[in-house]
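User: I should like to learn how to read the features of a structural model, one at a time. May we work through an example together?

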Amino acid sequence: MTRALALLLALLAAAPLHAEPEAVADYGSGPTRLRVQGAADIASFGPVMQAFTEANPAYAVRLEQWNTNALHAVASADCRDGDFDADLVVSSAVDLQTWLVNQGCAQPHASALTAALPPGRIWRNELFGLTAEPAVIVYNRRLVPEAEAPTSRFQLLDLMRAPGKRYLGRIATYDIERSGVGYLFAFSDSVQASTFGSLIEAMGANGAVATCCSAEIIAGVAEGRWLIAYNVLGSYALPQADKNPDLAIIAPEDYTLMLSRAALIPRGAAHPEGSAALLDFLLSEAGQTELARQRLIVRMGENGDIQLRGQSAASIRPIELSPVLLLGLDRQRRERFLTAWRAAFAPR
Amino acid sequence: MTAAAPAPSLTRRLGLALAAMLLAGGAIVAGLAFAYGRQAAGRTYDQLLIGAANQMAESVSLVDGRAVVDLPISAFQLLALAPDDRIFYAITGPEGQLITGEPLPPPSPDRPLETQPHSGEPVRFVTVNRVFSERGFSGAVTVTVGQTSRARDALATEITRNALIVMGIAGLLMALLAVIVARSALGPLGRIEAALAARAPQDVSPLTVPVPREIGRLVASLNGFMARLDRVLSANRRLTADASHQLRTPIAALRAQAELAADETDPERLRAIVGRIHARSRDLSRLAEQMLSHAMVIHRADAGALGPLDLRQVAMTAAEEVGHVLPDRAAELRLDLAEDPVPARGEALSLVEACKNLILNGLAHGASPVTIRAAQEGDMALLTITDAGPGPQPGQKAKPGATHGAGLGLTIVEAVADAHQGHIEKRMTAKGYAVSLILPALPEEPSP
């Protein structure tokens with residue numbers, strides 16, 4: 001186990017290990033302070049924590065904001081060392097969360113709210129999907145004509161293959177070696193559809209840019225540095241689009257991946273009853289409403305946050321919490337996937 | 001109709017027996033269901049596990065003399081059919097070096113399937129080998145896949161629970177059925193009870209309530225009892241009628257003589273009247289005695305146990321007793337006894353009494369000698385009293401008081417014959433007038 005963990009860490013930690021969170025914020029003033037480790041922006045997740053402490057004055061919350069891979073490295077090391085003592089761990093890298101649960105790092109929690117979750121949003125009563133965040137295409141409305149805006153992966157492919165090289169070096173996506181959620185989306189794409197191979201090939205040929213992270217990519221599109229960004233987390237794009245009318249968001253018509261950011265209660269949680277209360281709050285009507293207000297639950301379709309253009313709701317493919325996610329973390333599988341990715345994106 | 005002190009309830013006994021049966025059966029079925037459930041669930045999930053391991057082994061290929069694995073998603077989807085179970089896998093090369101997955105406890109070489117505690121839970125492991133023998137790579141790639149046992153435990157529990165539910169329903173139905181069966185089986189008893197309750201006190205005719213065969217015996221013995229009761233009652237009625245008939249005349253005569261005596265002044269004639277009164281009262285006392293004996297005989301014959309006896313013995317005893325009563329006429333009696341025993345089933349005292357009555361009748365109304373014969377004829381045992389007389393003549397009536405209770409005597413004989421399932425035959429023979437008491441002969445049996 002130790003050796004495998006070390007290997008995994010070495011693989012995951014292409015970026016330097018951050019032993020410290022990127023940012024920390026405190027909410028409420030209750031006597032019991034819960035520590036939440038989140039691969040979640042304080043800007044969007046903080047207000048939800050604030051709502052929790054207001055509804056449950058017995059608790060205060062310290063929210064740590066982490067990069068997904070750094071969070072995973074810390075969490076798995078803590079689990080290995082037996083001091084996995086945060087009260088809740090929330091991450092968009094649900095495959096890594098699944099791995100932690102599979103390793104026995106989490107403790108179960110069952111309530112009426114968890115029982116009501118659909119099967120794809122709960123695993124073993126230890127991993128719970130809190131949010132609904134689509135992987136979207138973001139483009140700059142000012143620089144990309146409406147007619148050219150890709151509404152599906154095929155149109156994106158066509159755009160990149162079109163003569164004129166208008167989009168050469170102007171398409172961005174996550175650097176999947178540095179972004180856990182980027183890897184998850186890319187890997188899910190590779191499992192979902194045969195288009196993925198040609199897509200990264202075309203991206204490579206088009207000099208597409210792989211970079212980290214959501215905020216940087218969206219800012220780049222807003223500035224016009226990039227014209228189109230692929231597989232961006234919709235929950236980050238939406239607030240930016242609210243502020244910047246140049247940003248347009250498309251849920252791909254062929255299929256739209258839907259991520260449910262997953263929470264687990266570490267086995268060594270210092271305040272398990274607080275963890276349970278926080279988790280139940282996040283799954284409750286009030287919590288879900290607050291998450292929706294922060295655009296962490298993105299409503300699709302009519303009167304929703306993102307319009308569906310002609311495609312049916314069936315084109316939305318939730319990334320289900322199940323041990324199948326472990327496949328993407330298989331050492332050889334990951335290595336081969338990354339090799340293909342690097343080959344495509346290699347500077348030439 | 002003996003009543004045991006605390007009457008046990010048939011329904012409760014039935015219920016208890018059934019409950020015991022259901023409990024014992026239930027325990028056995030539950031055990032079997034659990035064993036079967038575990039086995040079936042185990043086999044189901046073992047097959048998934050083996051399938052996944054085979055798919056993983058299939059995905060191993062050699063690239064530049066190096067084993068590489070391209071795990072198929074289907075293997076994981078197969079394992080995810082156990083939705084809440086953790087999965088572990090390791091793919092190792094010939095020297096045990098890990099190719100992919102995580103280090104797992106080394107598999108036992110002789111057991112491809114085994115359950116071991118791992119990572120805090122019991123984990124079912126399956127090991128599959130794939131042997132390569134190519135340039136640069138020779139040896140077996142070992143695929144070990146493990147899965148926790150929640151799904152198989154849940155399936156086993158479900159199978160067991162379903163079996164128990166089905167059994168519980170079956171048990172309830174059986175109990176219900178048993179109650180219905182017990183009610184309907186005991187139903188005829190209720191009908192008998194109602195039929196008996198609805199009867200007039202003097203009604204002792206046989207019950208005609210339709211009942212099942214099992215209860216038929218009860219009804220038959222009830223009817224037999226009532227037939228006996230009927231016989232006793234009618235014998236009593238006959239006795240009362242006879243007695244009133246036979247007593248009325250001598251008592252009237254006695255009173256007449258007594259009135260005569262009251263008015264008589266002549267000492268000589270008074271003495272004659274007193275003598276007649278004495279004779280009459282002696283006859284009357286004999287009559288009373290006989291009536292009592294009659295009652296006793298009827299009672300014994302009806303209520304007493306019928307035992308095997310020899311009719312020759314009866315004939316001898318009767319003759320002897322008559323001789324004692326009437327010593328002056330003993331010489332008129334003849335015994336004609338068979339050489340072999342004449343076995344019959346009967347009550348000795350009442351048979352002797354009946355025989356005595358016939359002898360006395362013969363002596364009183366017939367002519368000497370009176371022959372007492374005991375013999376077996378076919379399946380009949382006979383006790384025949386023959387007198388040399390011509391038999392009863394038309395118009396001849398028993399002369400009450402003057403004899404030893406002639407009419408009453410035959411009544412006793414008839415009652416005794418009845419009680420022994422026998423009958424009486426009267427006929428004229430060459431030797432004279434014969435009256436036979438005919439009983440069913442007892443098959444060869446050592447008489448006591």
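**A bent helix and its surroundings**

Analyst: In α3(B), B:Arg152, B:Ala156 and B:Thr160 are buried. Please bear in mind throughout that this is a predicted model.

User: How should one read the spacing of buried positions along a helix, and against what do the buried residues of α3(B) pack?

Analyst: An α-helix has 3.6 residues a turn, so residues three or four places apart point the same way. In the present case, the buried residues B:Arg152, B:Ala156 and B:Thr160 belong to α3(B), and the buried residues of this helix pack against α1 (10–58) of chain B.

User: What span should the 48 residues of helix α3 of chain B have?

Analyst: The general idea is to compare an expected length with the distance between the end C-alpha atoms. Helix α3 of chain B covers residues 150–197, and at 1.5 Å a residue it should span 70 Å; its end C-alpha atoms are 68 Å apart, which agrees.

User: Where does α3(B) bend?

Analyst: The bend is at B:Gly187 and amounts to about 35°. A proline, B:Pro188, follows within four residues.

User: Which residues of helix α11 of chain A are buried?

Analyst: The same two readings, span and burial, can be applied here. Helix α11 (residues 272–283) of chain A has 12 residues and reaches 16 Å from its first C-alpha to its last, close to the 16 Å expected at 1.5 Å a residue. Its buried residues are A:Gly274, A:Ser275, A:Ala277, A:Leu278, A:Leu279, A:Phe281, A:Leu282 and A:Leu283.

User: Let us turn to whole chains. How many helices and strands are there in chain A, and how many has chain B?

Analyst: Chain A contains 13 helices and 15 strands, while chain B has eight helices and 14 strands. Of the 348 residues in chain A, 52% are buried; of the 448 residues in chain B, 28% are buried.

User: What share of the contacts joins residues far along the sequence, taking 24 or more positions in chain A?

Analyst: One sets aside the contacts between close sequence neighbours and asks about the remainder. In chain A, residues 24 or more positions apart account for 80% of the contacts with a separation of 6 or more. In chain B, 70% of the contacts between residues at least 6 apart in sequence join residues at least 24 apart.

User: How does one read the pairing of strands, and with which sense does β1 of chain A run against β3(A)?

Analyst: One looks at the direction of the strands and at the residues that stand opposite each other. Strand β1 (residues 23–27) of chain A and β3(A) run antiparallel and are joined by five bridges; A:Ala23 stands opposite A:Gln65. Strand β2 (residues 32–39) of chain A pairs with β3(A) in the parallel sense over seven bridges, and here A:Thr32 faces A:Tyr59 as its opposite residue.

User: What is the handedness of the β-α-β unit made by β2(A), helix α2 and β3(A)?

Analyst: The unit is right-handed, and its helix, α2 of chain A, comprises residues 42–55.

User: Why is strand β3 of chain A described as largely enclosed by the rest of the structure?

Analyst: Strand β3 covers residues 59–65, and five of its seven residues are buried, so it is largely enclosed.

User: How many residues does each chain bring to the contact between chains A and B?

Analyst: A contact between chains is read by counting residues on each side, then asking which elements supply them. Here chain A contributes 20 residues and chain B 18. On the side of chain B that touches chain A, β2 (66–69) and α2 (73–79) each supply at least two residues, and α2(B) gives the most, with four. By class, that side has 10 nonpolar, four polar and four charged residues.

User: Finally, which backbone details merit inspection?

Analyst: Cis peptide bonds and positive phi values may be checked in turn. The peptide bond from A:Cys212 to A:Cys213 is cis, with omega near 5°, and A:Cys213 lies in the loop between β10 (209–211) and α9 (214–223) of chain A. Another cis bond joins B:Ser368 and B:Pro369, with omega about -10°.

User: Is A:Arg124 buried or exposed?

Analyst: A:Arg124 has a positive phi of about 60° although it is not a glycine. This residue counts as buried, because 20 C-beta neighbours lie inside 10 Å. A:Asn303 also has a positive phi, near 60°, but it is exposed, with 6 other C-beta atoms within 10 Å.

Notes: Residues are numbered from 1 along each chain as its sequence is written. Chains are lettered from A and ligands numbered from 1 in the order in which they are written. This is a predicted model: local features need pLDDT of at least 70, side-chain atom pairs count only at pLDDT 80 or more; totals for chains, interfaces and linings use all residues. A residue is buried if 20 or more other C-beta atoms lie within 10 Å of its own, exposed if 12 or fewer, and partly exposed in between; C-beta atoms are placed from the backbone. Two residues are in contact if their C-beta atoms, placed from the backbone, lie within 7 Å. Two strands pair if DSSP finds at least two bridges between them. A crossover is right-handed if, with the strands pointing away from the viewer, the path from the first strand over the helix to the second runs clockwise. Ala, Val, Leu, Ile, Met, Phe, Trp, Tyr, Cys and Pro count as nonpolar, Asp, Glu, Lys and Arg as charged, and the others, Gly among them, as polar. The expected span of a helix is 1.5 Å times one less than its number of residues. The bend at a residue is the angle between axes fitted to the seven residues ending there and the seven starting there.
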